[in-house]
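Grab a coffee and open your viewer: here is a short set of exercises with worked solutions. Try each task yourself before reading on.

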Amino acid sequence: MRYISATTGALIVLPVFILLALIIPKHDSLPSVELILTVSTFLFAIISGFYIARLATRYDQIRNLIASEDASFLCLYKTAQMFGVTFAKRIANLIDAYYIVSYDFTLSHPAYKLSAKYYLAMWDEVRTVKKKEPSGAYEALMDQLASIENDRNASATIATERLSIAQWGMLILLSVIIFLSLFDLAQPHWYIQISVVLFSTILVLIILLTRDLQQLMLGGKTLLEESGQEVLEFIGKKRYYHQKFLQSGISRVPVFVKEYRLGLHEPGTDTFKIKIVRR
């Protein structure tokens, strides 16, 4: 099933609201409906505004953490090259496996534990390096690994913060009340009916936008995926995408990429099943 972004979802329901505005019979509304609409829209504005502000802050925090983590991984690889080709290759293979596990899930999924073994293996590799010149490079390896753990731990912790079922239920309940009130107040005038349709569509857009922020997929795309894919290229690996994300439209292979790896395995398994795709 393809992931429907907020904008696409709003465009999909637009014809439905137009049809409802045309077929629902017009009648004189009760005065209490206006009061219900005023109260429900006021509550919806406060609650949805709070949720969106909170989720937007979370989105920005994770975006900064992911960017910092990608930069640290690239610096780790370049520093590892100072200790020889063999050591750098082992580090590159571990970074590659780490990204494969990470890209088998969306950022909203807590893949922290599943990728931990590859991260911890990097520490084991660093321990095999003798503390010799350049001593500054060895200290840099340690600092970069520590920085990566700070970023990945923080992003995993923040990603678990989500709206509860009760919070979603309250938001949807208020939306239903607003929908019913709007269509009940609609009069047989074209500008009023257009306003009702537009207001209803915007309401759906707000709800779906809240969902996108919670899933860390603003615009229907995975957050900062391109940054990590470029890290894979810099360390000598092909880009990696899991087939379920390509099929759902969450991930997209850029047109300039002529060859990439496609994951066919079940996410979370220890054995990777990957094929090379050439375009």
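The exercises below go from the overall fold to a helix pair, a sheet and two single residues, all in a predicted model.

**Exercise 1. Take stock of the fold: how many helices and strands does the protein have, and what order do the elements run in?**

Step 1. Count the elements: the secondary structure comes to 9 helices and 3 strands.

Step 2. Walk from the N terminus, and you read α-α-α-α-α-α-α-α-β-α-β-β.

Step 3. Check the contacts between residues at least 6 apart in sequence: 71% of them join residues at least 24 apart.

**Exercise 2. Work out what radius of gyration the protein has, and what a compact globule of 279 residues would have.**

Step 1. For a compact globule of 279 residues you'd expect a value near 19 Å, but the protein comes out at 25 Å.

Step 2. Put a box around the C-alpha atoms along the principal axes, and you get roughly 85 × 40 × 30 Å.

Step 3. Now look at burial: 44% of the 279 residues are buried.

**Exercise 3. Decide how H3 and H4 are oriented: roughly parallel or roughly antiparallel to each other?**

Step 1. Locate the helices: H3 covers residues 85-103 and H4 covers residues 112-127.

Step 2. Compare the axes, which come within 8 Å and cross at roughly 170 degrees.

Step 3. Apply the cut-off: angles over 145 degrees count as roughly antiparallel, so H3 and H4 are roughly antiparallel to each other.

Step 4. See who touches whom. On the H3 side you'll find residues including Phe87, Ile91, Leu94 and Tyr98, and they meet H4 residues, among them Leu114, Tyr118, Met122 and Val126.

Step 5. Sort the residues of this contact by type: they divide into 13 nonpolar, 2 polar and 2 charged.

**Exercise 4. Draw the sheet: what is the strand order, and which strands stand at the edges?**

Step 1. The sheet is open, has 3 strands in the order E1-E2-E3, and its pairing is mixed.

Step 2. E1 (240-242) and E3 (274-278) each have a single partner strand, so they stand at the edges, and one side of each is left without a neighbour in the sheet.

Step 3. Add the twist: neighbouring strands are turned by 35 degrees against each other on average, ignoring direction.

Step 4. Bring in the packing helix. H3 touches E1, E2 and E3, and its direction makes about 30 degrees with that of E1.

Step 5. Zoom in on E1 and E2 (residues 259-263), which run parallel and are joined by 3 bridges. Tyr240 stands opposite Arg261 in E2, while His242 stands opposite Gly263 in E2.

Step 6. Finish with the cover on E2: 4 of its 5 residues are buried, so to speak "mostly covered".

**Exercise 5. Classify Ala159 and His109: is each one buried or partly exposed?**

Step 1. Start with Ala159, which lies in helix H5 (residues 135-159). Its relative accessible area is 2%, and buried means under 20%, so Ala159 is buried.

Step 2. Look for a distant stretch of chain: Gln215 is 56 residues away along the chain, yet its C-alpha atom is separated from that of Ala159 by 8.8 Å.

Step 3. Move to His109, found in the loop between H3 and H4. At 35% relative accessibility, His109 counts as partly exposed.

Step 4. Repeat the distance check: His109 and Ala56 are 53 residues apart in sequence, and their C-alpha atoms are 17 Å apart in space.

How values were computed: Residues are numbered from 1 along each chain as its sequence is written. This is a predicted model: local features need pLDDT of at least 70, side-chain atom pairs count only at pLDDT 80 or more; totals for chains, interfaces and linings use all residues. Side-chain values use heavy atoms; hydrogens and water are left out. Axes are lines fitted to C-alpha atoms, for helices over the stretch in contact, and angles run from 0 to 180 degrees between N-to-C directions. Helices (H or I, at least four residues) and strands (E, at least two) are DSSP runs, numbered from the N terminus. Angles under 35 degrees count as roughly parallel, over 145 as roughly antiparallel, 65 to 115 as roughly perpendicular and the rest as oblique. Contact means heavy atoms within 4.5 Å. Ala, Val, Leu, Ile, Met, Phe, Trp, Tyr, Cys and Pro count as nonpolar, Asp, Glu, Lys and Arg as charged, and the others, Gly among them, as polar. Two strands pair if DSSP finds at least two bridges between them. The radius of gyration is taken over C-alpha atoms; the globule rule is 2.2 Å times the number of residues to the power 0.38. Buried means under 20% relative accessible area, exposed over 50%, partly exposed in between (1.4 Å probe, protein chains only).
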